[in-house]
Amino acid sequence: MEPITFIKLANLLISFAILAPSGHNSQPWQFQVSDNEIIITPNFSKRLNVVDGNDRELFISLGCAAENLRIAALHHGYDSKYAFKDGKIVVTFSKQDVCKDDPLFEAIPNRHTHRGNFTGVKISANLLQYVDNEQNSSVMIYESDSREAEIIRQKIAEGNEIQMSDTAFKRELISWMRFNKKHINETRNGLCYNVLGFPATPKPIGRRIVGMFLNPKAQNKTDNAVNASASHFCVFCVKDDNAKNWVDLGVFLERFLLKITSAGIAYSFSNQPCEIPSLKDQLRQNLNLTACPSVIIRLGYGKEPKTFAPREDVKVKDSED
């Protein structure tokens, strides 16, 4: 493989990889390129020390980025395989002789976390069967009127009580909020006012206003409305909590989210019960799960966003640097 040609392609592929989801839109990844490899490494300067102290969500995000990378590579004529080695994801590419494509490629730039309530319309069983056609044991899907969904809603509320009473949690959350266009352009990451549906404000004023609404009562009011309008809840699990399993889950999760997007289904994360160890153990026990719950999403139908979360310009390193 001619190095210059692949390096040019690598930059294009990475532009799709970075469209993956990440906690607080922190984008905790770095990329290195060699003759036929792209190496994804964690950027621990972007870690969320309070909400993600063991880096579970960070490594899941890296897995999501790797899957975007591989889908984009297939679209541009390359097969790929990935391996997790020494805390890094190594994606190796080879030129394919017969043109193949992944129908999920078109969904990559359209995937987004839904903000606000769903419409309340139920997702059909046939559509859910298409979304979960791999029948992967990593995910459990529950209808919104099920006993399991009520347990999840209860643990979300308990999670809000704990997190929204935690000064360190709120301080970290506010630090990732972006309150106006200048603020967005300075960082190209974080939770942006226009994506969240807030009016633009100067940073000091925005921080004070948001701080007033970060309390258990307000957050549960918001989440109760979203939960009531959702069609289904999904719990994604790993056999054991370790970085490799989180990366593998991220790969599967991204395919799942892209299938949802291609099917016109909206989703939002509600990971509070997975972020608090005591609630995580209770959720596992109450849902009779044999694996560790790691990600929770709500499914439904919703409006397309007017704006998408921004992405940073990625500086790609040569592996020899």
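Is F59 buried or exposed? In this predicted model, F59 is buried, with a relative accessible area of 8%. The residue belongs to helix α2 and takes part in two of the ring contacts described below.

Seven aromatic pairs are present in the structure. One of them is formed by F44 and F59, whose ring centres are 6.5 Å apart and whose planes meet at 65 degrees, so the pair is edge-to-face. F44 sits in the loop between β2 (37-42) and α2 (56-75), whereas F59 sits in helix α2, so this pair ties together parts 15 residues apart in sequence. F44 counts as partly exposed, at 41% relative accessibility. F59 also pairs with F84: the centres of these two rings are 6.0 Å apart and their planes stand at 90 degrees, so this pair is edge-to-face as well. Distant parts of the chain are linked by the F59 and F84 pair, with F59 in helix α2 and F84 in strand β3 (residues 78-85), 25 residues apart. F84 has a relative accessible area of 22% and is therefore partly exposed, given that buried means under 20%. Through these ring pairs, F44, F59 and F84 are joined into a cluster. A charge is also placed on an aromatic ring: K95 lies over the face of Y78, at 5.1 Å from the ring centre.

The strand pairing around β2 was examined next. Five of the six residues of β2 are buried, leaving the strand mostly covered. β2 pairs with strand β1 (residues 29-33) in the antiparallel sense, over five bridges. The connection from β1 to β2 is a hairpin of three residues. Within this pairing, Q30 stands opposite T41 of β2. β2 is also joined to strand β4 (residues 88-95) by four bridges, and these two strands run antiparallel. There, I38 has V91 in β4 as its bridge partner. In a regular strand, side chains alternate between the two faces of the sheet.

No disulfide was found in a search of the whole structure. For C234, the closest cysteine sulfur is that of C237, at 11 Å, which is too far for a bond. The cut-off for a disulfide is 2.5 Å between the sulfur atoms. C274 is likewise in no disulfide, and the nearest cysteine sulfur, again that of C237, is 7.7 Å away. Both C234 and C274 lie under the 20% limit for burial: C234 is buried at 0% relative accessibility, and C274 is buried with a relative accessible area of 3%.

K170 is placed in helix α5 (residues 167-175). At 22% relative accessibility, K170 counts as partly exposed, because the buried class ends under 20%. Apart from neighbours within four places in sequence, K170 is in contact with Q163, M164 and L214. The C-alpha atoms of K170 and H24 are separated by 12 Å, although these residues are 146 residues apart along the chain.

Notes:
Residues are numbered from 1 along each chain as its sequence is written. This is a predicted model: local features need pLDDT of at least 70, side-chain atom pairs count only at pLDDT 80 or more; totals for chains, interfaces and linings use all residues. Side-chain values use heavy atoms; hydrogens and water are left out. Buried means under 20% relative accessible area, exposed over 50%, partly exposed in between (1.4 Å probe, protein chains only). Contact means heavy atoms within 4.5 Å. Rings of Phe, Tyr and Trp (its six-membered ring) pair if their centres lie within 6.5 Å; planes under 30 degrees apart count as stacked, over 60 as edge-to-face and the rest as tilted. A charge sits over a ring if NZ of Lys or CZ of Arg is within 6 Å of the ring centre and within 35 degrees of the ring normal. Two strands pair if DSSP finds at least two bridges between them.
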